Amino acid sequence: MAARTDGDAGVGGRSIAEIVTMHCEGVLAPMGVIVEFLDAQVGTWQYSLDDGESWRTIRTDLINRPGHMGLALERAARLRVLPFGGGARSGARIVFHAAQRAPGEGNGSYRAYAPDDRGDAAHSITLVLSLGAINGMPPAVAASRPRNKRALAAQASAA
């Protein structure tokens with residue numbers, strides 16, 4: 001079972017439907033997708049089945065190894081990556097295919113998939129996306145305004 005992270009509730013991530021619609025013109029995934037590969041070098045991948053209220057860590061060691069194991073996610077499931085600190089990478093590779101049937105109660109489960117028995121609409125799709133395209137843009141953070149000349153001078157010299 002994947003680990004649950006409640007401390008990160010309600011932040012970031014895009015739905016599978018948003019990712020497919022924005023970056024895969026003409027691809028239909030009405031039932032969801034089977035994620036085949038996620039770039040584990042960029043950070044920790046997570047998914048949410050409850051619109052970002054709670055997040056579960058994706059076991060990239062299960063889906064990135066040889067064989068045909070994937071993570072089934074419905075269109076409303078959200079995906080995000082928490083980048084490793086100090087990393088210079090700004091993009092990540094994702095490989096998925098359209099699910100042939102709705103995951104239903106299997107939403108968020110790891111399952112074997114047949115590599116060759118898929119219709120034309122379910123061929124593997126590889127995307128290299130920026131972290132912003134995956135996570136969405138973070139909300140603007142209001143910074144306090146310095147109230148004295150020393151603080152203003154320090155802020156100006158730091159910039």
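A contact here means heavy atoms within 4.5 Å of each other. With that in hand, welcome to a set of close-ups of this predicted model.

**View 1. Leu 73 and its surroundings.** Leaving aside residues up to four places away in sequence, Leu 73 touches Ile 16, Gly 32, Val 33 and Val 35. Its list of contacts goes on with Tyr 47, Leu 49, Pro 103, Asn 107 and Gly 108. Leu 73 is also one of the residues with the most contacts inside the largest nonpolar core.

**View 2. The largest nonpolar core.** This core has 26 residues, and those with the most contacts inside it are Trp 45, Ile 58, Leu 73, Ile 94 and Phe 96. At least two residues apiece come from the helices α1 (16-23) and α3 (131-135). The strands β3, β4, β6 (69-73), β7, β8 and β10 likewise each supply at least two.

**View 3. Strand β8 and its two neighbours.** Is β8 enclosed or open? Seven of the eight residues of this strand (residues 91-98) are buried, so β8 is largely enclosed by the rest of the structure. Strand β3 (residues 33-38) pairs with β8 in the antiparallel sense over five bridges; look for Phe 37, whose bridge partner in β8 is Val 95. Strand β10 (residues 125-130) also pairs with β8 in the antiparallel sense, over six bridges. Here Ile 94 has Leu 127 of β10 as its bridge partner.

**View 4. A salt bridge between distant parts of the chain.** The side chains of Arg 78 and Asp 51 meet in a salt bridge, with 3.5 Å from N to O. The two residues are 27 residues apart: Arg 78 belongs to strand β7 (residues 78-83), while Asp 51 lies in the loop between β4 (43-48) and β5 (55-57). Which of the two counts as buried, and which as exposed? Arg 78 has 16% relative accessibility and therefore counts as buried, since the cut-off for that class is under 20%. Asp 51, at 57%, counts as exposed, because exposed means over 50%. While you are at this loop, check the backbone too: Asp 51 has a positive phi of about 60° although it is not a glycine.

**View 5. The salt bridge of Arg 59 and Asp 61.** How many salt bridges does the structure hold? There are two, and this view turns to the one between Arg 59 and Asp 61, where the closest N and O atoms are 2.7 Å apart. Arg 59 is partly exposed, with a relative accessible area of 35%. Asp 61 is partly exposed as well, at 44%.

**View 6. Charges over rings.** The charged end of Arg 80 sits over the ring of Trp 55, 4.0 Å from its centre. Arg 93 has its charged end over the ring of Phe 37, 4.3 Å from the centre. Phe 37 may be familiar from View 3, as the bridge partner of Val 95. If you are looking for aromatic pairs, a search of the whole structure finds zero.

**View 7. The whole chain, for orientation.** To place the close-ups, step back to the protein with its four helices and ten strands. Along the sequence they follow the pattern β-β-α-β-β-β-α-β-β-β-β-β-α-α. Of the 159 residues, 40% count as buried. Among contacts with a separation of 6 or more, 85% join residues 24 or more positions apart.

Terms used:
Residues are numbered from 1 along each chain as its sequence is written. This is a predicted model: local features need pLDDT of at least 70, side-chain atom pairs count only at pLDDT 80 or more; totals for chains, interfaces and linings use all residues. Side-chain values use heavy atoms; hydrogens and water are left out. Buried means under 20% relative accessible area, exposed over 50%, partly exposed in between (1.4 Å probe, protein chains only). Two strands pair if DSSP finds at least two bridges between them. A salt bridge is a side-chain nitrogen of Lys or Arg within 4 Å of a carboxyl oxygen of Asp or Glu. Rings of Phe, Tyr and Trp (its six-membered ring) pair if their centres lie within 6.5 Å; planes under 30 degrees apart count as stacked, over 60 as edge-to-face and the rest as tilted. A charge sits over a ring if NZ of Lys or CZ of Arg is within 6 Å of the ring centre and within 35 degrees of the ring normal. A nonpolar core is a set of buried Ala, Val, Leu, Ile, Met, Phe, Trp, Tyr and Cys residues joined through side-chain atoms within 4.5 Å.
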